[in-house]
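Hi everyone, thanks for making time. Please pull up the model on your screens, and we'll walk through a few spots together.

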Amino acid sequence: MLRQASRARVGGRSLFSTGSAMDKKESDEKLETMRHSAAHVMAEAVQAMFPEAKFGIGPTIEDGFYYDFDLPRTLTPEDLPAIEARMKESVKADTAFTHELVGKEEARRIFAHQPYKLELIDELPEEMVTVYRQGNFTDMCRGPHVKSTGEIKAFKLMSIAGAYWRGNEKNPMLQRVYGVAFNNQKEVDEYLARVEEAKKRDHRKIGKDLDLFVFSDLVGKGLPLFTEKGSVIRRELERFVVDEEIKRGYKHVYTPDLANIDLYKTSGHYPYYKDSMYPVMKVDEEELMLRPMACPHHFQYYASKPRSYRELPFRIAELAKQFRYEKSGELTGLMRVRTFCLADSHIICQKEQATGELNAVMDLIEYVAGVLGYKPGENFRYRLSLGDRKEDKKYYKDDEAWDIAENVLRQVLIQRKANFFEAEREAAFYGPKIDIQMKNFAGKEDTAFTVQYDFVMPKRFKLTYIDKDGKEKEPIVIHRSSIGAIERTMAFLIEHYAGAFPVWLSPVQAMIIPISDQHLDYAHKLEADLKENDIRVQVDDRNERMNQKIRDAQLQKIPYMLVVGDKEAENGTVSVRLRTGEQVQGLPFAEFKGKITKLIRERASGLAL
RNA sequence: GCCCACAUAGCUCAGUCGGUAGAGCACGUUCUUGGUAAGAACGGGGUCAUCAGUUCGAAUCUGAUUGUGGGCUCCA
């Protein structure tokens with residue numbers, strides 16, 4: 001369990017926990033010890049049910065623990081209550097955890113029938129290993145553990161899943177049982193309630209409820225269709241980011257969604273990623289493929305003629321459709337799809353310009369994140385994704401260039417006082433990157449935006465510029481995305497706002513609700529006026545009561561409901577009900593129009609008129 | 001791709017022991033013209049994911065396929 005356990009534990013750490021107080025840290029450690037012991041107790045229960053069980057590892061993770069088993073039959077969800085019941089007996093019996101330090105030879109004897117444990121023993125650098133026992137269960141484990149099983153307060157087994165031994169898909173698949181554990185039953189209940197809340201925010205559910213996107217088996221999996229409403233959000237995001245980038249000196253272009261395979265062979269992408277590229281299409285003598293990335297296209301634009309140092313930084317940007325053959329099991333709603341549109345850019349610049357450009361990119365990203373309502377530390381954090389000098393198969397071999405590039409990125413983060421952490425072996429093959437990691441409501445972290453320092457592609461594509469001194473020099477490239485993949489960003493946004501978007505993103509910004517059909521004329525007059533002013537408005541002219549119409553508009557999370565009856569038609573006013581429940585009676589229509597227009601133009605996050 | 005589970009009306013779901021389907025919401029029509037979260041009546045709507053098999057008979061049992069979910073792996 002040793003090393004794997006500790007790695008898994010770090011990986012499973014609460015992402016944005018900020019608590020640094022000593023007592024909190026201590027109670028965290030206590031809780032973690034208890035969770036780890038719960039994993040052992042679960043293993044004991046499984047061993048009692050399946051004496052021939054082979055054990056993998058059983059570390060703690062955020063909120064709980066898991067243990068991997070190799071069993072004579074597959075577990076089903078119905079097995080969980082039985083395992084849980086045995087665990088509870090064990091807790092009730094309050095048996096002591098004991099441990100001893102033994103030599104490797106002795107350990108091999110103890111675990112003679114446990115092939116996975118033997119494998120771990122063989123790889124341990126230490127000569128002595130710790131062996132923990134409770135009841136009839138013995139495990140190799142660094143510890144620590146609770147004194148006795150009675151200290152395990154409250155837990156619940158959550159799910160069964162397959163997991164490859166040591167995370168390698170070439171290894172056998174073990175059965176993993178996940179559980180959560182807390183200090184008391186109340187905390188377990190609260191955890192379960194949080195899980196339920198998260199489900200309500202799931203972008204797949206809200207996407208269906210609010211009719212934002214759909215999938216079709218005939219079109220294919222991982223290929224979303226944006227509905228009229230979803231397309232409004234997408235269009236607003238695209239307009240926003242294109243306009244903003246043009247303001248900031250980007251050259252916005254269109255390049256083809258497919259290209260000759262030689263392009264990706266030249267870039268070096270092909271051998272690294274051919275498994276996730278779509279197969280080649282033969283057309284006459286050409287071999288074409290859907291592009292899995294846009295970088296090489298942009299480089300060909302740059303390379304179309306000689307470039308002077310005066311043209312640098314050369315910032316090429318595109319809303320670039322890309323196609324990746326993600327494995328079927330990896331697809332998830334809009335989070336992970338097989339075709340997506342990346343707000344992509346490649347900044348070709350001199351090495352000395354890198355820091356300045358990186359800062360400008362970070363400014364842009366932070367601006368965009370701010371407009372979307374994301375707060376640093378709360379909704380996202382930075383990850384400095386590093387290479388591995390020893391892995392020259394996975395990463396381009398040039399130790400010095402890696403050192404320089406990683407340091408440039410690190411310095412940018414430090415100077416900006418950014419809240420970041422470093423992650424080994426998360427770099428691209430052509431260089432390190434800064435990833436903006438978003439946490440969704442299910443607690444999973446995903447890359448939203450990325451900034452990469454690339455010292456490889458200029459060589460591959462022989463990108464050059466003529467410097468002041470008339471000599472040809474090699475630039476570097478910054479790959480970056482300002483708003484990420486539109487699909488994924490929409491998924492994050494839907495969950496972030498739980499479907500209650502700011503006005504500028506709302507598919508329908510105002511719903512006009514006539515009190516009776518005598519007020520339809522006035523309602524349609526207002527509708528025409530607002531539409532003329534580019535406000536997305538509808539009249540609910542169904543034969544329903546006003547209450548019903550308000551309820552429906554409310555469920556659709558439409559920001560403003562304009563209730564109009566005799567009073568309003570007479571005075572040229574509207575009675576506004578906000579999505580928040582707040583009401584503004586008798587507001588002159590012109591005033592409403594002015595205020596909503598302003599909120600939209602400013603991309604305001606609030607609704608207050 | 002791998003492990004496990006799931007798939008019934010547009011949506012959320014029920015359907016007992018194998019005897020060819022039901023509710024609520026949504027939709028349509030009519031009545032109702034109602035002042036801030038569900039007015040009423042009636043009606044239309046399903047090859048029970050698909051294809052095979054077992055059976056006198058399959059939504060129900062078996063297998064395969066497709067899709068979805070939770071994990072694993074992967075994520076340029």
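Let's start on the surface, where Val-214, Val-219 and Leu-225 form a nonpolar patch. Together these three have about 200 Å² of accessible area. Do keep in mind that this is a predicted model. Leu-225 belongs to strand 10, residues 225–226, and its relative accessible area of 34% makes it partly exposed.

Now over to helix 15, which covers residues 486–497. How many of its residues are buried? The count is 12 of the 12, so the helix is largely enclosed by the rest of the structure. Among the buried ones you'll find Glu-487, Arg-488, Glu-495 and His-496, along with Met-490, Phe-492 and Leu-493. The length works out too: at 1.5 Å a residue, the helix should span 16 Å, and its end C-alpha atoms are 16 Å apart. Right after the helix comes Ala-498, with a positive phi near 50°.

On to salt bridges. A search of the whole structure turns up 51 of them, and I've picked three to show you.

The first on my list joins Glu-119 and Arg-166, with the closest N and O atoms 3.2 Å apart. This pair links distant parts of the chain, 47 residues apart: Glu-119 is in helix 5, while Arg-166 is in the loop between strand 7 and strand 8. Both partners are partly exposed, Glu-119 at 30% relative accessibility and Arg-166 at 32%.

Next, Arg-480 and Glu-245 form a salt bridge, with their closest N and O atoms 2.8 Å apart. Here the partners are 235 residues apart, Arg-480 in strand 23 and Glu-245 in helix 8. Are these two buried or exposed? Both are buried.

The last of my three is Arg-383 with Glu-426, at 3.6 Å from N to O. Arg-383 sits in strand 17 and Glu-426 in the loop between strand 18 and strand 19, so the bridge ties together parts that are 43 residues apart in sequence. Arg-383 counts as buried at 10% relative accessibility, whereas Glu-426, at 34%, counts as partly exposed. This pair also has company: Arg-383, Glu-426, Lys-433 and Asp-435 are linked in a network of salt bridges.

One more stop, Gln-583 in strand 28. Gln-583 is partly exposed, at 48% relative accessibility. Its side chain makes a polar contact of 2.8 Å with that of Gln-585. Looking beyond residues up to four places away in sequence, Gln-583 touches Val-576 and Arg-577.

That's my tour, and I'm happy to go back to any of these spots.

Conventions:
Residues are numbered from 1 along each chain as its sequence is written. Chains are lettered from A and ligands numbered from 1 in the order in which they are written. This is a predicted model: local features need pLDDT of at least 70, side-chain atom pairs count only at pLDDT 80 or more; totals for chains, interfaces and linings use all residues. Side-chain values use heavy atoms; hydrogens and water are left out. Patches are made of residues with over 30% relative accessible area and no salt bridge: like charges are joined within 9 Å, nonpolar side chains (Val, Leu, Ile, Met, Phe, Trp, Tyr) within 5 Å. Accessible areas come from the Shrake-Rupley method with a 1.4 Å probe; for residues, only the protein chains shown count as cover. A salt bridge is a side-chain nitrogen of Lys or Arg within 4 Å of a carboxyl oxygen of Asp or Glu. Helices (H or I, at least four residues) and strands (E, at least two) are DSSP runs, numbered from the N terminus. Buried means under 20% relative accessible area, exposed over 50%, partly exposed in between (1.4 Å probe, protein chains only). The expected span of a helix is 1.5 Å times one less than its number of residues. Contact means heavy atoms within 4.5 Å. A polar contact is a pair of N or O atoms within 3.5 Å; within protein, one must be able to donate a hydrogen and the other to accept it, and residues adjacent in sequence count only if both atoms are side-chain atoms.
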